[in-house]
Amino acid sequence: MHAQHKIRSLLDQLNTVIVGKSARVQDCVACLLAGGHLLIEDVPGVGKTTLAHALAHTFGLQFARVQFTADLMPSDLIGVSVYERGKEAFVFHPGPVFTQVLLADEINRASPKTQSALLEAMEEKQVSVEGETRALPQPFFVIATQNPHDQLGTYALPESQLDRFLMRISLGYPDREAERLLLAGSDRRDMVSAMLPLLSAPELADLQRQVLAVHAAEPLLNYVQDLVAATRSGHWFLQGLSPRAGIALVRAAKAQALICGRDYVAPDDVQAIVAQTMAHRLVPVGNAGRGAVEQVRAMVEAVPLP
């Protein structure tokens, strides 16, 4: 009950800023409770950065924002050693990646070299600088935003990096009622600045342990394996999901179940987050005639329930 109250408070506060997108907000909370990294993809101006700021404020964690540009270098992100005459030695100056929540704004506007600098940080929660491995603060989340690939000045994220994101979501345009609230209401940036942190790092760690403790029965795991096997059949996608993606799907479903107040995973939990967890990892076959998200949903409908 305590977990339910905390999670409901998180969702309520976030929904006061990101209006009309309660399902997407719940996806974001599920992703972070599952300990994963989040990718938000959409056209400029629909609230991607605002949502990322709101998540960081609400979860009560130290955060840093990096605006990714074409001239951003890996050292601008990770840090650099500078010779200090008084100490007669090189002293490492940590970059913005040494935080608990890193907002990587417009991540696909940076060069592939800089994008790859995040790989080790996202997977190992550490970075290697000049032959020395340095641990990152715990917890460590990357909340990245990116613009559609057909816009000028963007570089597609490599598949290996996309696979490190537990979920990819798209906000889309607001409906008429929600847009009216945006037009007539307060500035979203002012609202984000006024948000109160509702969690501490120990409380977040406790919720993440509760996510891991959610029960996934054998028939449910069979269902997840059936979905993963369908992606590898060659009928739906060019290449199938990896075991890491299957593990991510189970973790996200457990977080979804906890948000819904259950201590077990139901097929509905899997179906609620399967497109957000799978689609960015998959490329539909050439004759599909639809995008990855629609192809995942069609595949899910074709796979029988347990």
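Helices (DSSP runs of H or I, at least four residues) and strands (DSSP runs of E, at least two residues) are numbered here from the N terminus. This is a predicted model, in which local features need pLDDT of at least 70 and side-chain atom pairs count only at pLDDT 80 or more, while totals for chains, interfaces and linings use all residues. Residues are numbered from 1 along each chain as its sequence is written, and side-chain values use heavy atoms, leaving out hydrogens and water.

## From helix H5 into a hairpin

Let's begin with helix H5, which covers residues 112–124. The expected span of a helix is 1.5 Å times one less than its number of residues. For the 13 residues of H5 this gives 18 Å, and the end C-alpha atoms are 19 Å apart, which agrees.

Which residues of H5 are buried? They are Thr114, Gln115, Ala117, Leu118, Ala121 and Met122. Buried means under 20% relative accessible area, exposed means over 50%, and partly exposed lies in between (1.4 Å probe, protein chains only). A general point helps when you look at such a list: an α-helix has 3.6 residues a turn, so residues three or four places apart point the same way.

Just after H5, Lys125 takes a positive phi of about 60°. Next along the chain come strand E6 (126–129) and strand E7 (132–135), with Glu130 in the loop between them. E6 and E7 run antiparallel and are joined by four bridges; two strands pair if DSSP finds at least two bridges between them. Gln126 stands opposite Ala135 in E7. The hairpin has two residues between its strands, and Glu130 takes a positive phi near 55° there. Glu130 is exposed, at 60% relative accessible area. Its C-alpha atom is 12 Å from that of Pro94, although the two residues are 36 apart along the chain.

## Aromatic rings and their partners

Rings of Phe, Tyr and Trp (its six-membered ring) pair if their centres lie within 6.5 Å; planes under 30 degrees apart count as stacked, over 60 as edge-to-face and the rest as tilted. How many aromatic pairs does this rule give? The count is two, and here they are.

| Pair | Centre to centre | Angle between planes | Type |
|---|---|---|---|
| Tyr83 and Phe90 | 5.3 Å | 65° | edge-to-face |
| Phe92 and Phe98 | 5.9 Å | 70° | edge-to-face |

Tyr83 is partly exposed, with a relative accessible area of 45%, and Phe90 is exposed at 61%. Phe92 is buried at 15%, and Phe98 is buried at 18%.

Phe92 has another partner: Arg134 lies over the face of its ring, 4.0 Å from the centre. A charge sits over a ring if NZ of Lys or CZ of Arg is within 6 Å of the ring centre and within 35 degrees of the ring normal. Arg262 lies over the face of Tyr264 too, at 5.5 Å from the ring centre.

## Cysteines without a bond

A disulfide is a covalent bond between the sulfur atoms of two cysteines. Here it is counted as a pair of cysteine sulfur atoms within 2.5 Å, and the structure holds zero disulfides. Why does Cys31 have no such bond? The closest cysteine sulfur, in Cys28, is 7.4 Å from the sulfur of Cys31, too far for a bond. Cys31 is buried, at 0% relative accessibility. For Cys260, the nearest cysteine sulfur is that of Cys28, 15 Å away. Cys260 is partly exposed, with a relative accessible area of 41%.

## A buried threonine

Finally, look at Thr277 in helix H12 (residues 267–278). Thr277 is buried, with a relative accessible area of 1%. Leaving aside neighbours within four places in sequence, Thr277 is in contact with Leu166, Met167, Ala248, Leu249 and Ala252, where contact means heavy atoms within 4.5 Å.
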